[in-house]
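Dear colleague,

Please find below the structure for your consideration. My findings follow it, arranged by topic.

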Amino acid sequence: MRSIPVLSTNGEIPFTRSGIVSPFVSYLDRIGVPTTRYLEKSGIPPVLLEDTDALIPLTLAFGFLQRACMDEGIDSIGLRVARETSLNHLGPFGHYLLGSRNVLQYLTRGARLIRQIQSATSYHLTGAGHWVQFRHRQVGPYIKSFDAEQSHLFALLITIDTIRRAAGGRWSPPELRMPSLTPDALRALSELMPDTRIILGDPDASFMMPRSFLALPVGGFGAEEEVQAGDYLPDPHLPGDCLSSVKLFIESLITGGYPGIAVAAEAAGTSVRS
């Protein structure tokens with residue numbers, strides 16, 4: 001299987017979809033965190049969460065999570081949220097993936113679409129012999145270690161859970177690779193997956209599964225949400241250049257008032273002077 005290339009940032013502002021941020025906000029709401037305050041403090045109008053395809057600057061989304069977690073003493077938020085999230089919770093994107101015929105289509109659909117769901121993110125599916133490797137890559141000069149860890153944990157654990165359900169509910173990958181983990185995250189992941197060997201130091205996050213799993217049907221636990229016809233393509237498209245991304249950034253945040261220069265600089269991953 002051919003590897004899916006990494007999305008080039010080309011200097012544009014990176015974005016993510018509201019549907020990816022919403023499970024994190026919902027989890028924080030359930031445990032009593034004042035999410036509206038943290039969203040507004042991070043420069044994100046809460047109204048954006050009402051549209052699952054709405055675009056939120058990626059650095060502001062990560063900034064929101066980091067502020068909330070640091071202030072509230074929450075560790076491993078990516079793992080915590082993934083444990084309570086399935087594809088059904090990811091809006092049209094998740095429903096479209098649930099409509100896949102089998103695990104292979106599920107993974108290839110995700111690999112094709114993820115670059116329109118979140119900037120600087122890619123899925124790679126490669127195989128050799130009886131094994132297939134799924135890799136999640138998060139790159140960019142604006143991606144901090146906290147950002148990458150939460151993104152990796154969230155993406156891998158939801159993918160593993162989907163494949164586990166297709167395999168009958170008892171499977172765990174023999175090994176899971178991560179670039180790095182905090183001691184708390186490593187401990188929590190080891191407790192969650194006691195039969196999986198966790199290896200640190202890889203450039204990407206990844207896991208292995210038997211090639212035979214690719215033929216397993218995905219439907220059955222979300223059939224009522226399946227997209228039966230046509231391709232899902234989120235709107236608006238993610239921009240591919242700096243000028244378009246700046247225009248889209250202003251449009252996405254104008255619902256909460258014109259963004260200040262400090263918020264714009266944070267979203268672009270640059271300084272106020274630049």
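**A buried glutamine**

Gln105 is buried, because its relative accessible area of 13% falls under the 20% cut-off. Please bear in mind that the model is a predicted one. Gln105 belongs to helix α6, which covers residues 103-117. A polar atom of the Gln105 side chain lies 2.6 Å from the backbone nitrogen of Arg101. When residues up to four places away in sequence are set aside, Gln105 touches Gly99 and Ser100.

**The largest pocket**

The largest pocket holds about 210 Å³ of space. Two elements each give two or more residues to the lining of this pocket, namely α4 (77-83) and α7 (145-166). Of the elements, α7 gives the most, with five residues. The full lining consists of Ala82, Arg83, Glu84, Thr85, Ser86, Leu157, Ile160, Asp161, Arg164, Arg165, Leu192 and Met193. By character, five of the lining residues are nonpolar, five are charged and two are polar.

**Helix α7**

Since α7 gives the most residues to the pocket lining, the helix is described here in its own right. α7 has 22 residues, and the distance from its first C-alpha to its last is 32 Å, close to the 32 Å expected at 1.5 Å a residue. The helix is mostly covered, with 19 of its 22 residues buried. After α7 comes Gly168, which has a positive phi, near 110°.

**Pro179 and its surroundings**

Is Pro179 buried, exposed or partly exposed? Pro179 is partly exposed, because its relative accessible area is 29%, between the 20% and 50% cut-offs. This proline is placed in the loop between β5 (175-178) and α8 (183-192). Which residues does Pro179 touch, not counting those up to four places away in sequence? They are His152, Leu200, Gly201, Asp202, Pro203, Asp204 and Ala205. In addition, the C-alpha atoms of Pro179 and Ser145 are separated by 9.4 Å, and the two residues are 34 residues apart along the chain.

**Points to view in the model**

To follow these findings in the structure, you may wish to begin with the Gln105 side chain and the backbone nitrogen of Arg101, 2.6 Å from one of its polar atoms. The pocket lining may then be displayed, including Leu157, Ile160, Asp161, Arg164 and Arg165. Finally, the contacts of Pro179 may be shown, among them His152 and Leu200.

Yours sincerely

Methods. Residues numbered from 1 in each chain as written. Predicted model: local features only at pLDDT ≥ 70, side-chain atom pairs only at ≥ 80, totals over all residues. Heavy atoms only, no water. 1 Å grid on protein atoms, 1.4 Å probe; cavity = no way out; pocket = protein on both sides within 12 Å on 5 of 7 lines; lining within 4 Å. Points joined across faces, edges and corners; volume = space filled by probe spheres on them. Helix = DSSP H or I, 4+ residues; strand = E, 2+ residues; numbered from the N terminus. Nonpolar A, V, L, I, M, F, W, Y, C, P; charged D, E, K, R; others polar. Expected span 1.5 Å × (residues − 1). Buried < 20%, exposed > 50% of the residue type's maximum accessible area, 1.4 Å probe, protein only. Polar contact = N/O pair within 3.5 Å; in protein donor to acceptor, adjacent residues only side chain to side chain. Contact = heavy atoms within 4.5 Å.
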